[in-house]
Amino acid sequence: MTNRRTSRRSYVVMTVCALTPTTMVSAPFASAAHPAHSAVQVRHTAPAGAVVGETVHTAAGLVAGTRSGAYRIFRGIPYAGAPVGPHRWAPPRPVQPWKGIRDATKPGPLCPQVPSAYAQISSTNEDCLVLDVTTPPAADRRRPSPVLVWIHGDGAVGGGSFFDGRRLAGRGLVVVSLNYRLGVFGGLALPGLEGSGTFGLQDQQAALRWVRDNVRAFGGDPGNVTVAGVSFGASAVAGHLTSPASRGLFHRAVMASGEGMMDMPAGAMGPDVPGYPWYVWRSAREMEDITTEMTPSLGCRDDLPARTLACLRALPVKTILKVPYIMNAFQAFGYGNTTLPQLPPAALRAGRFHAVPVLSGATLDEHRVFVGMTYDAVGKPFTEADYERALRTAFGRSAGRVREEYPTAAFPSPALAWATVITDRMWARGTQAMHDALGRHVPLYAYEFADREAPMFLPLPGAFDFGAFHAADIPYLFEDEAAEPLFTPEQRRLSAAMTRYWASFARTGAPHSPGLPAWPAHRPGGAGRPYTQSLAPRRIGPIDYHRTHNLGFWHRTP
């Protein structure tokens, strides 16, 4: 969320974040008393009352997990070999079989990452391509269960072990959450380097292949796999929809607060951040330029890319992580390669993607958290003058029209006015474009999470109304020990409804559950507005997404 400038030209990197349990709960609360690594371990020891000794045979060997109540939980299972030495910045390779029984009662290592202002966690361990599996209660294991594979967000920090799958497993799903290479380790690009800019995406494909080959041993159905993600993870799902190597590895897709068809106006992510035609997609040349810009201080520049690569591979992880903002700079996916041959938005619009049902949505107030954490919530009030400058930077000649449409007098503060402008222009317009593109070809179920009282966990010094902020819906789907005590009875009921909808979609390809409001498909091009389901504690039902986010105005405004 923090926007930062490199030490060289006006190249500015931004954080594509997801305020998920990694960032909202584990890091801020635990780090107050513990170092980052011990905080993770304290948070993720076996659940109270867990029984160790649940054994399953995978293709690589036996793993022993724990039983927690009716659930079986297996942690830190390798799905690919360690990407170290000559395998750093190379496609993932098969995991080596082991002898005996592998302990799967504790989380595996996080992939290399550095602490941020919103996530005080770190790691230098490259042997991190592991996943967790949570299985449903025994009563639901009489037949193979649908599988949900979860891809966490951010792209520079986090890990699969921060997501407790028991809430969704309680609905009859086998839940798999995974690590993948982050930042520079997932996105570095050099001329001639196979997989440039897509190593993190390839890791996810390796995890999906592991699910195909192993999940039956955990009671899952390899023929009914839903790939799901939030924020950067949801954008990865959009990539998988268009990647040839992902074909047949999943049968449904879920995207929460994804940026797959979103552009970025100049200044939207901070006053010095330039505009980009696509939020998360970069051409091969652009990814190579990022590498050139971020790595000269490492002393590896050479006219021959192969020598540059050999030098970079020989460096310790700690040395690479010392380069300022090197992790954030690579929060993007490269296209024009074997993994992503086409620009994903172009492929999605043209219908050139894997034809599977999709459940996709965003939150009502996506951009408030980005504005709050940059300004008001950290003691730096966003003023009228800031609003004027931001509008001019983002919209140029159209700034006056935007100001007339979004006058600060209509909002409690200039910060909330600016947050609403970018929520509507960037997030909602991109989300609607995604839904319309997909809905023309496959069953698409659209939603908007609208709980403006959703718990906010970041320990920020200033007061700010975050509303239904970016990724605020995720603690309603995954167990979270910090969120749970803050939920009201109505929010608990919303959480129960959402997990029922998600489980029904994973099971059948449609979010239809007895006793819950109907959820029709989003069908663009017909009579009336395409359907979007609003999810709020006091009301679940249709919403005019186009009108709510003033999209008529934004379709007329550059």
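Is C128 buried or exposed at 1% relative accessibility? I looked this up before anything else, and C128 counts as buried, where buried means under 20% relative accessible area, exposed over 50% and partly exposed in between, with a 1.4 Å probe and protein chains only.

I noted that this is a predicted model, in which local features need pLDDT of at least 70 and side-chain atom pairs count only at pLDDT 80 or more, while totals for chains, interfaces and linings use all residues. Residues are numbered from 1 along each chain as its sequence is written, and side-chain values use heavy atoms, with hydrogens and water left out.

I then turned to the disulfides, taking as one any pair of cysteine sulfur atoms within 2.5 Å, and I arrived at two of them.

In one, C128 is joined to C111 with an S to S distance of 2.1 Å. The torsion about this S-S bond is about 90°, so the link is right-handed. Both C111 and C128 sit in the loop between strand 6 (101–103) and strand 7 (130–135), so the pair ties together parts that are 17 residues apart in sequence; strands here are DSSP runs of E with at least two residues, and helices are runs of H or I with at least four, numbered from the N terminus. I found C111 buried, at a relative accessible area of 1%.

In the other, C300 and C311 are joined at 2.0 Å from S to S, and with -65° about the S-S bond this link is left-handed. C300 lies in the loop between helix 7 (284–294) and helix 8 (305–314), whereas C311 belongs to helix 8, so parts eleven residues apart in sequence are tied together. C300 counts as buried at 4% relative accessibility, but C311, at 26%, counts as partly exposed.
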